[in-house]
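Welcome! Let's explore a protein model together, one question at a time. Take a look at it first, then read on.

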Amino acid sequence: MQAWQVHENGEPSEVMRLEEVERPTPGDGQVLLKVRAANINFPDVLMCRGHYQVRPPLPFTPGVEICGETEDGRRVIANPVLPHGGFAEYAVADAAALLPAPDALDDAETAALHIGYQTGWFGLHRRAGLQAGETLLVHAAAGGVGSAAVQLGKAAGATVIGVVGGADKAAVARELGCDVVVDRRAEDVVGAVKAATGGRGADVVYDPVGGEAYTQSTKVVAFEGRIVVVGFASGTIPSPALNHALVKNYSILGLHWGLYATKNPKLILDCHQQLTELAAKGAIKPLVSERVSLSGAAAAVQRLGDGVTTGRVTVVPTGAAA
């Protein structure tokens, strides 16, 4: 079969190689899945660079989120077990962790439903307790993680402010349903958010960016607000001033969604059921901006790492639009 292999760490476009390899052999409790579509996530970029908390042995195949097909023809959502990731024709996954693919979504959309939307749901609902009528601020609102949070926030009845970088991404954020869109390249984020909220600020801030975005968050979070720290796509990990959190009376909430798989996996199943229902109602639908063939995976992973993509970029091994 064909699979992308990383033999050394570096930029994805430089270290990912498309090779002919043997199909992986499932271990105990594992299944072999035909990859129908594989979603590209920022951890794929970080693993290529050797900067992720999980460091699979070299060589490995990236791709941590797929829509796969079982031997009996069922469509499922899976997180492949590395080093046999999803940027390949076949991948290996734990049988107990497979989730049924929603009928309302095609293969590419299904591949993009799991990590970003589960992270959004846990961050907004379980960690931050977002309520209808509250104001949600989403950084990088046109990106894969941010777009999921925007849709989930709207589905929860919140007013959503999306922060983006550039006019093209601003247009995407509006199409996603943001009530207010702030272009950080053309506007003062702090001033714009305060103006949009009458000076009150945002009740919940969803931050997958870190760096300057986190600093802005502390300036616009409302009284008793909650900042959800999701990731550091900017490459800069902030050092919170806890005296500021005390004086302004806000909470800083960390979210490591992957921990739930070991700490409380039932919650992941419960969340998937809710996401499936929301998809069936049309309340959420992954924004798949690009569907690329297997041969285009390395370039697509690099584009995500360079921050020039919107929504989700999905690899379809057959080359067909799934």
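Here are some questions and answers about this predicted model.

Q: Which residues of the largest nonpolar core touch the most other members?
A: In soluble globular proteins, nonpolar side chains tend to be buried together. Here the largest nonpolar core holds 72 residues, and helix α11 (residues 265–281) gives the most to this core, with six residues. The residues that touch the most other members are F122 and L136.

Q: Apart from the largest core lies another core; how many residues does it have?
A: Its members include I161, V189, A202 and V221. This other core lies apart from the largest one, and its size is 17 residues.

Q: How many residues of helix α4 are buried?
A: Let's walk along the helix, which spans residues 114–127. Buried here are H114, I115, G116, Y117, Q118, T119, G120, W121, F122, G123 and L124. Helix α4 is therefore largely enclosed by the rest of the structure, and its buried residues number eleven of the 14.

Q: Which residue just after α4 takes a positive phi?
A: Move just past the end of helix α4 and look at the backbone. A phi of about 60° turns up there, and the residue that takes it is G129.

Q: Which strands are the edge strands of the open sheet?
A: Strands of a sheet pair through backbone hydrogen bonds, either parallel or antiparallel. In this model six strands form an open sheet with parallel pairing, in the order β10-β9-β8-β11-β12-β13. An edge strand pairs on one side only, and that describes β10 (180–183) and β13 (251–254).

Q: What is the bridge partner of I161 in β10?
A: Strand β9 covers residues 159–164. Four bridges join β9 to β10, and the two strands run parallel. Looking across to β10, the partner of I161 is V180.

Q: What angle does the direction of helix α6 make with that of β10?
A: Helix α6 (residues 167–176) packs on the sheet, where it touches β9 and β10. Comparing the direction of α6 with that of β10 gives about 165°.

Q: Is T218 buried or exposed?
A: You will find T218 in helix α8, which lies across β8, β11, β12 and β13. Leaving out residues up to four places away in sequence, T218 touches I227, H244, K248 and Y250. The relative accessible area of T218 is 9%, and the cut-off is under 20%, so T218 counts as buried.

Q: Why is the pair of W121 and F122 edge-to-face?
A: The ring centres of W121 and F122 are 5.6 Å apart. What decides the type is the angle between the planes, and over 60 degrees counts as edge-to-face. The planes of W121 and F122 stand at 80°, so the pair is edge-to-face.

Q: How many residues apart are F122 and Y260?
A: The rings of F122 and Y260 have their centres 4.3 Å apart and their planes at 40°, so this pair is tilted. F122 sits in helix α4 and Y260 in helix α10 (residues 260–263), so to speak linking distant parts of the chain. Their separation is 138 residues.

Q: Which residues form one aromatic cluster?
A: W121 and F122 are both buried. Y260 counts as buried too, at 14% relative accessibility. The cluster is made of W121, F122 and Y260.

Definitions and conventions:
Residues numbered from 1 in each chain as written. Predicted model: local features only at pLDDT ≥ 70, side-chain atom pairs only at ≥ 80, totals over all residues. Heavy atoms only, no water. Core = buried A, V, L, I, M, F, W, Y, C linked by side-chain atoms within 4.5 Å. Buried < 20%, exposed > 50% of the residue type's maximum accessible area, 1.4 Å probe, protein only. Pairing = 2+ DSSP bridges. Contact = heavy atoms within 4.5 Å. Axes fitted to C-alpha atoms, helices over the stretch in contact; angles between N-to-C directions. Phe/Tyr/Trp six-rings, centres within 6.5 Å; stacked < 30°, edge-to-face > 60°.
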